[in-house]
Amino acid sequence: MGTGASQLKNLSEPSEPVSDYREFLPPVALRERVLCLWTQSIRPSQTVYAHRVLPDACVDLVFFQGQPPAVIGPWTEAFVAQLAPGTRITGARFRPGKAADVLRLPASELLNQQTPIADVWNMAARAPFAGVGEQPTFRATRFALETALSRHLRNATASDAEVTAGIQWLARHPGGRMGQLSRFVGISSRQMQRRFSAAVGYGPKTFQSVLRFQRLLFLASNGVGQLDLADLAARTGYADQSHMTREVQRFAGKPPREMLSSAGCALRLADFLAPSGVGEFADFAA
């Protein structure tokens, strides 16, 4: 299981849906750091539900019902997760660059990993989250998770302001160069690399590529996918269609046409992807 749960698709293409995935805006007090809360349930069936998880630059705190919670780090490649019939999951997806100060460790230590929460936090830090995964309903689980996060975030350290500014700049300049980014933020390229790795999990160049990939998913899922691939590549900041094809193959393990027919954007509630703001595009559950 990894981040970007909204992108998880049944690889066997069943005749009826077996996965129910929903996203919820967090309370206002959590929105500076938490992108969304999400739930997913797998319908009872005779087979395991297979999902392809795509890179999204996020870190998720995930509660599998009946299992210890886990932290899902940022990924740089696609992988397939196998979920047993009847699985119920509740998660909190942190905004890019905002998990490190919440988890109190560099995001680079979680790169391409799923880590038990007991390996990240001591007993005192875990205490507010005890029992979150044992609630009888998704609504109760979400409320318990919101309450626990609110308590935990009272002691969170401040986010890296320069990285936050860099993320916003890269969102506005999908083809921008790293030298331009350093000059805009006002720190050296070496410092930018180190601080992005600590906050996001990898450097700004990789983050730019992942963000561009997610923007492609975002536009395709909102009807722009009717454009031909060359136009779609231009709209999302790729140098050309060949550039887009290479990066899609890198992050999704399949060509754009095949990937765009099934994958969804994990950052659709992020304000830096929607040109006119989140409200025009978001289709979240209330």
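User: Which residues of H4 meet which residues of H6?

Analyst: In this predicted model, Glu162, Val163, Gly166, Ile167 and Leu170 in H4 are in contact with Arg195, Phe196 and Ala199 in H6. Sorted by class, the contact of H4 with H6 has five nonpolar, one polar and two charged residues.

User: What makes Gly166 count as polar or nonpolar here?

Analyst: Gly is not on the list of nonpolar residues, nor is Gly one of the charged ones, so Gly counts as polar.

User: How do you know whether H4 and H6 are roughly parallel or roughly perpendicular to each other?

Analyst: The axes of helix H4 (residues 161-172) and helix H6 (residues 189-199) cross at roughly 95° and come within 10 Å. Angles of 65 to 115 degrees count as roughly perpendicular. H4 and H6 are therefore roughly perpendicular to each other.

User: Why are two values given, an angle and a distance?

Analyst: Both are used because two packed helices are described by the angle between their axes and the distance between the axes.

User: What is the angle for H4 and helix H7, and what is the pair called?

Analyst: H7 covers residues 204-221, and the axes of H4 and H7 cross at roughly 50°, coming within 10 Å. An angle of 50° is not under 35, not over 145 and not in the range 65 to 115. H4 and H7 are therefore oblique to each other. The crossing in which H4 passes H7 is right-handed.

User: Which residues of H4 and H7 meet?

Analyst: On the H4 side they are Ile167, Leu170 and Ala171, and on the H7 side Pro204, Phe207, Gln208, Leu211 and Arg215. By class, six nonpolar, one polar and one charged residues make up the contact of H4 with H7. Ile167 and Leu170 of H4 also appear in the contact with H6.

User: How many aromatic pairs are there, and what makes the pair of Phe63 and Phe129 stacked or tilted?

Analyst: The structure holds seven aromatic pairs. In the pair of Phe63 and Phe129 the ring centres are 6.3 Å apart and the planes stand at 20°, so the pair is stacked. The cut-offs behind this are centres within 6.5 Å for a pair and planes under 30 degrees apart for stacking.

User: Where in the chain are Phe63 and Phe129, and are they buried or exposed?

Analyst: Phe63 is in strand S4 (residues 60-64), while Phe129 is in the loop between helix H2 (123-126) and helix H3 (138-153). The two are 66 residues apart, and their pair links distant parts of the chain. Buried means under 20% relative accessible area. Phe63, at 3% relative accessibility, therefore counts as buried. Phe129, at 4%, also counts as buried.

User: Why is the pair of Phe213 and Phe251 called stacked, tilted or edge-to-face?

Analyst: Phe213 and Phe251 are 5.4 Å apart centre to centre, with 45° between the planes, and form a tilted pair. Planes under 30 degrees would be stacked and over 60 edge-to-face, so 45° falls among the rest. Phe213 lies in helix H7 and Phe251 in helix H9 (residues 241-252), so the pair ties together parts that are 38 residues apart in sequence. Phe213 and Phe251 are both buried.

User: Which residues do ring pairs link into a cluster?

Analyst: The cluster consists of Phe63, Trp121 and Phe129.

User: How do you know whether His243 is buried or exposed?

Analyst: The relative accessibility of His243 is 15%, and His243 therefore counts as buried, since the cut-off is under 20%. His243 is placed in helix H9. Leaving out residues up to four places away in sequence, His243 touches Arg212 and Tyr238.

Definitions and conventions: Residues numbered from 1 in each chain as written. Predicted model: local features only at pLDDT ≥ 70, side-chain atom pairs only at ≥ 80, totals over all residues. Heavy atoms only, no water. Axes fitted to C-alpha atoms, helices over the stretch in contact; angles between N-to-C directions. Helix = DSSP H or I, 4+ residues; strand = E, 2+ residues; numbered from the N terminus. Contact = heavy atoms within 4.5 Å. Left-handed = near helix turned anticlockwise from the far one by under 90°. Phe/Tyr/Trp six-rings, centres within 6.5 Å; stacked < 30°, edge-to-face > 60°. Buried < 20%, exposed > 50% of the residue type's maximum accessible area, 1.4 Å probe, protein only.
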